[in-house]
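This report describes how the parts of one protein chain are arranged. Please look at the sequence and the structure before reading on.

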Amino acid sequence: MSYSEILLSIKSHIENSGLTLQQVADAMGISIKTLKSHLVGKTKPRINHIEKLCLILNVLPSKLLGL
């Protein structure tokens with residue numbers, strides 16, 4: 001899976017969660033600006049951000065990352 005496909009998967013999971021980007025960012029302990037930067041591919045999230053995102057969205061990392 002390409003990086004752009006991973007980003008689409010992450011965006012899709014966030015949208016399907018019913019949470020706002022602000023709620024996700026707050027739960028992750030990052031700013032909304034940082035989250036948006038990750039979602040457009042401007043910056044790459046740290047592994048601990050991916051782990052937190054999986055917990056927040058209740059999804060396995062392999063599913064979120066398309067592995």
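The following paragraphs treat a helix pair, the nonpolar core, one further helix and several single residues.

The model is predicted, so local features need pLDDT of at least 70 and side-chain atom pairs count only at pLDDT 80 or more, while totals for chains, interfaces and linings use all residues. Residues are numbered from 1 along each chain as its sequence is written, and side-chain values use heavy atoms, with hydrogens and water left out.

**A pair of helices**

Two packed helices are described by the angle between their axes and the distance between the axes. Helix α1 (residues 3-17) packs with helix α4 (residues 47-57) at an angle of about 35 degrees, and their axes are 10 Å apart. Helices are DSSP runs of H or I with at least four residues, numbered from the N terminus. Axes are lines fitted to C-alpha atoms over the stretch in contact, and angles run from 0 to 180 degrees between N-to-C directions. The contact (heavy atoms within 4.5 Å) is formed by Ile10, His13, Ile14 and Ser17 of α1 together with Ile50, Leu53 and Leu57 of α4. These residues divide into 5 nonpolar, 2 polar and no charged. Here Ala, Val, Leu, Ile, Met, Phe, Trp, Tyr, Cys and Pro count as nonpolar, Asp, Glu, Lys and Arg as charged, and the others, Gly among them, as polar.

**The nonpolar core**

Which residues have the most contacts inside the largest nonpolar core? They are Ile10, Ile14, Leu35, Leu53 and Leu64, in a core of 16 residues. Such a core is a set of buried Ala, Val, Leu, Ile, Met, Phe, Trp, Tyr and Cys residues joined through side-chain atoms within 4.5 Å. At least two residues of this core come from each of α1, α2, α3 and α4, and α4 gives the most, with 4 residues. Leu64 touches, among residues over four places away in sequence, Ile6, Ser9, Ile10, His13, Ile50, Leu53, Cys54, Leu57 and Val59.

**Accessibility of four residues**

Buried means under 20% relative accessible area, exposed over 50%, and partly exposed in between (1.4 Å probe, protein chains only).

| Residue | Location | Relative accessibility | Class |
|---|---|---|---|
| Ser9 | helix α1 | 13% | buried |
| Ile30 | loop between α2 (21-28) and α3 | 14% | buried |
| Ser37 | helix α3 (residues 32-39) | 13% | buried |
| Asn58 | loop between α4 and α5 (61-64) | 72% | exposed |

Leaving aside neighbours up to four places away in sequence, Ser9 touches Lys63 and Leu64. With neighbours within four places likewise left aside, Ile30 is in contact with Ala25, Leu35, His38 and His49. The C-alpha atoms of Ile30 and His49 are separated by 8.6 Å, and the two residues lie 19 residues apart along the chain.

**Helix α3 and what follows**

The buried residues of α3 include Leu35, Ser37, His38 and Leu39. The buried residues of this helix pack against α1, α2 and α4. The side chain of Ser37 also makes a polar contact (3.1 Å) with the side chain of Thr43. A polar contact is a pair of N or O atoms within 3.5 Å; within protein, one must be able to donate a hydrogen and the other to accept it, and residues adjacent in sequence count only if both atoms are side-chain atoms. After α3 comes Gly41, whose phi is positive, near 85 degrees.

**Backbone at Asn58**

Most residues other than glycine have a negative phi. Asn58 is not a glycine, yet its phi is positive, about 55 degrees.
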